[in-house]
Amino acid sequence: MAQDPREKVFNGDFSEGTSGWFTVQAAPVSVAGGKLCVDVPGGTQLPADVIVGQSDIWLQQGRSYTFSFTASANPPSAVTARVQLDQAPNYPGTFSQDIALGPEQPYTFTFTSSLDTDRGQVLFLLGGEPAPGVCCVGGVSLIGGDPVPRYVPDTGPRVRVNQVGYLPFGPKHATVVTDAPGPIPWQVNDSAGATVASGTSTPAGMDTSSGQQVHTLDFGAVTQSGTGYTLSVDGQTSYPFDITATAYDQLHSDALRFFYVQRSGIPITDALAPGYARPAGHIGVTPNQGDTSVPCQPGVGDYQLDVSGGWYDAGDEGKYVVNGGIATYQLLSLYERTLTVPRGRLGPPGDGDLHIPESGNGVPDVLDEARWELEFLLRMQVPAGAPLAGMAHHKVHDDNWTGLPMPPDQDPQPRHLHPPSTAATLNLAATAAQGARLYAPFDQAFAQRCLTAARTAWAAAQAHQNLYASKADATGGGPYDDTDVTDEFYWAAAELFITTGEQPFLDALRASPYATGDPFPPSGFGWQQVAALGRLDLATVQSQLPDADRNAARASVVAAADRYLQTAQGQAYGVPLADSEFVWGSNSMVLDKLAVIATAFDLTGDQRYRDGVLEGLDYILGRNALNESYVTGYGRHNSHNQHSRLYSHELDPTLPEPPAGAIAGGANVNLEDPKASRVLIDRTVDPPQRPAPQFCYLDDIQSWSTNEVAINWNAALSWVVSFAADDQSVGA
Ligand code: 9MR
């Protein structure tokens, strides 16, 4: 049934689980049949000690509201239904009703709001009872006031370009939203307004990823460097863009510098990151309860580990070996690529490139930054003598979710080591093996430590091949669950073989399902699909791999790149994603596919691949349905409210925005957070209407499923932008 457009409560029938609802001391026991039931502890003092509630309720002063719900309590108990302002310390109310609750019964009340706010709350206060019990609420509805205005994104001009810039001799494509049935004229103007090129568009019909009628156009003929170009077509003028060989230079270092400000266990200084200074997080100083001596979860082990350091994963302050693994790999790979494909424009990665604490130590900064995480990954290994010795703990994070903002040094949550997993262990084996060969010229002892840890991890994973992290282990941190680790085995075997040349690792590669299967799935690679990482390295890194195997590996990379390019060619916005692939972290899926395409360029020198990479970046930087550059600080209209406990400027203006160069997760058709679900799905029609894939995005700090920052996403951005910035042939 279509929802009343004046409905103010989201998910009042709990059809989306507890999404949008919060609880205080009320432990959910079931969400079924349109209602939520919670355990209410006995012996609390005040009604407000135990709460089921919802925030962000829009109330208009002087308007009438009907508040209805069904509720029950067993044993019978006194509860209070309340509508109030979400403002400490008094939380002024506009409606409050005490109810003697027993068997399930419907309730309806009307009231006139004395509040005028979009920060209202609907609450059930369940505390103050001597005995424990179970309370249920369902069908919660607050109808009144004006209909909630539908969210309309600010998509700016209908001409969509890469807002950062194009390389002088690279491809230059744009997309225009228009119903025009036939080709229409376009002009590129320079910053003085002079027309430097013109042509006509190509109608592309209905673009299903955006639900728009679009044309595409190609202004590749413009090769003259300059700033402030615009593209005019169909009476619309694009956001300005540059044409310059340096288009990606600053982004290249900013994307990598993101990792320094995400560091745990070290103070961030203003000298190195102006505006981002903060004390060290999780170094065993109260109120922190970690990470220098973190106990295992009950039943996992009776030891503590020093797991300080590393990077905070994302907008949360958890640290996950699985995601730390792929992010470390990509930074190391960015460096390792330069050993076989010597840098062009950028010159070799150097010491001092990134202005980090280790700058000046004689080691390229990108290796120092990756080592910050690799040292943490090594600390996550179960020590000798303990059960599952040699495995890696899957993750360490807060026991409960904290609110936003949360400066890392102020996080009061206890933290625990979660059970070891085969996937984490193989992430450790792979990255430590990769590190062993890359750090050897700089620090032989560290390289040796890495190799020993990698071998130990590999052996432990062989002995425990199916310890899977649970999808349900998602309170206070993400699950990073994975029940297929054949790809992790393949990746680890590849890295160990490349580093050591030893036969057992080659045997493991040849025995893997990926020896014949394709490690490049249509959706590309990512933290859950890592066989591609092994294959890319087998194809590109010098090793004792027999020529026939290397040639086959190379052919598979090129074949995958061809498939990804084909997907991009089917999209009027040039993005290498199928419509079904706009899921959580979709921008990283774009970038990871671009890394495969870029590797095909390295292997073949075929310009089509290089162009494909650059066109893919156009999507990330503004040539998309939302006219959004997904990278903070880059492009006229860019994402800057990403979900983060560190950069919560949207909630507290004294805090910074995410640093320039931070990429947002991107469009996610599954809209897996209450903010995006509430704002983007139109429930006033039956069935509820979901936006087209590209519109499933919100630059809002609460939309973690479309708009978070994350280390694996910035690692992908860093890798691809390093490729783009370095290209000499198009940038001359
Ligand atoms: O990137 C992860 C995405 O692929 C998953 O679908 C999602 C839900 O499990 O989790 C994402 O990772 C998040 C992690 O669980 C916790 N830290 C923030 C990560 C980025 O949103």
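**Close-up views of a predicted model**

**View 1. Strand 4 and strand 9 run side by side in opposite directions.** Strand 4 (residues 51–59) and strand 9 are antiparallel, and six bridges join them. In this predicted model, Ile-57 is a handy place to start looking: Gly-120 in strand 9 stands opposite Ile-57.

**View 2. Strand 9 also pairs with strand 6.** Here too the pairing is antiparallel, with six bridges between strand 6 (residues 77–85) and strand 9. To find your way along this pair, look for Ala-81, whose bridge partner in strand 9 is Phe-124. How much of strand 9 (residues 117–125) is buried? Seven of its nine residues are, so strand 9 is largely enclosed by the rest of the structure.

**View 3. Two assigned domains, seen together.** The domain assignment divides out domain 1 (22–144) and domain 2 (249–500). Between the C-alpha centres of domain 1 and domain 2 there are 43 Å. An unreviewed UniProt entry carries the annotation "domain: Glycoside hydrolase family" for residues 248–720. Across residues 248–720, helix makes up 41% and strand 4%, and the end C-alpha atoms are 10 Å apart.

**View 4. Leu-591 sits in the largest nonpolar core.** That core has 156 residues, and Leu-591 is listed with Tyr-248, Leu-251 and Leu-417 as having the most contacts inside it. Leaving aside residues up to four places away in sequence, Leu-591 touches Leu-617, Ile-620, Ile-663, Trp-713, Ala-716, Leu-717 and Val-720. A second core, separate from this one, has 34 residues, among them Val-38, Tyr-65, Cys-135 and Val-140. As background, nonpolar side chains in soluble globular proteins tend to be buried together.

**View 5. Thr-425 is tucked into helix 4.** Thr-425 belongs to helix 4 (residues 422–439). Is Thr-425 buried or exposed? Its relative accessibility is 0%, so Thr-425 counts as buried. Its contacts, not counting residues up to four places away in sequence, are Gly-390, Met-391, Ala-392, Ala-457, Ala-460 and Ala-461.

**View 6. Helix 6 and the glycine just after it.** Helix 6 (residues 486–500) has 15 residues, and at 1.5 Å a residue these should span 21 Å. The end C-alpha atoms of helix 6 are indeed 21 Å apart, which agrees. Helix 6 is mostly covered, with 13 of its 15 residues buried. Follow the chain just past helix 6 and you meet Gly-501, where phi is positive, at about 70 degrees.

Terms used. Residues are numbered from 1 along each chain as its sequence is written. This is a predicted model: local features need pLDDT of at least 70, side-chain atom pairs count only at pLDDT 80 or more; totals for chains, interfaces and linings use all residues. Side-chain values use heavy atoms; hydrogens and water are left out. UniProt positions are given in the numbering used here, feature names are shortened, and annotations may be inferred rather than shown by experiment. Helices (H or I, at least four residues) and strands (E, at least two) are DSSP runs, numbered from the N terminus. The expected span of a helix is 1.5 Å times one less than its number of residues. Buried means under 20% relative accessible area, exposed over 50%, partly exposed in between (1.4 Å probe, protein chains only). Domain bounds come from an automatic or database domain assignment. Two strands pair if DSSP finds at least two bridges between them. A nonpolar core is a set of buried Ala, Val, Leu, Ile, Met, Phe, Trp, Tyr and Cys residues joined through side-chain atoms within 4.5 Å. Contact means heavy atoms within 4.5 Å.
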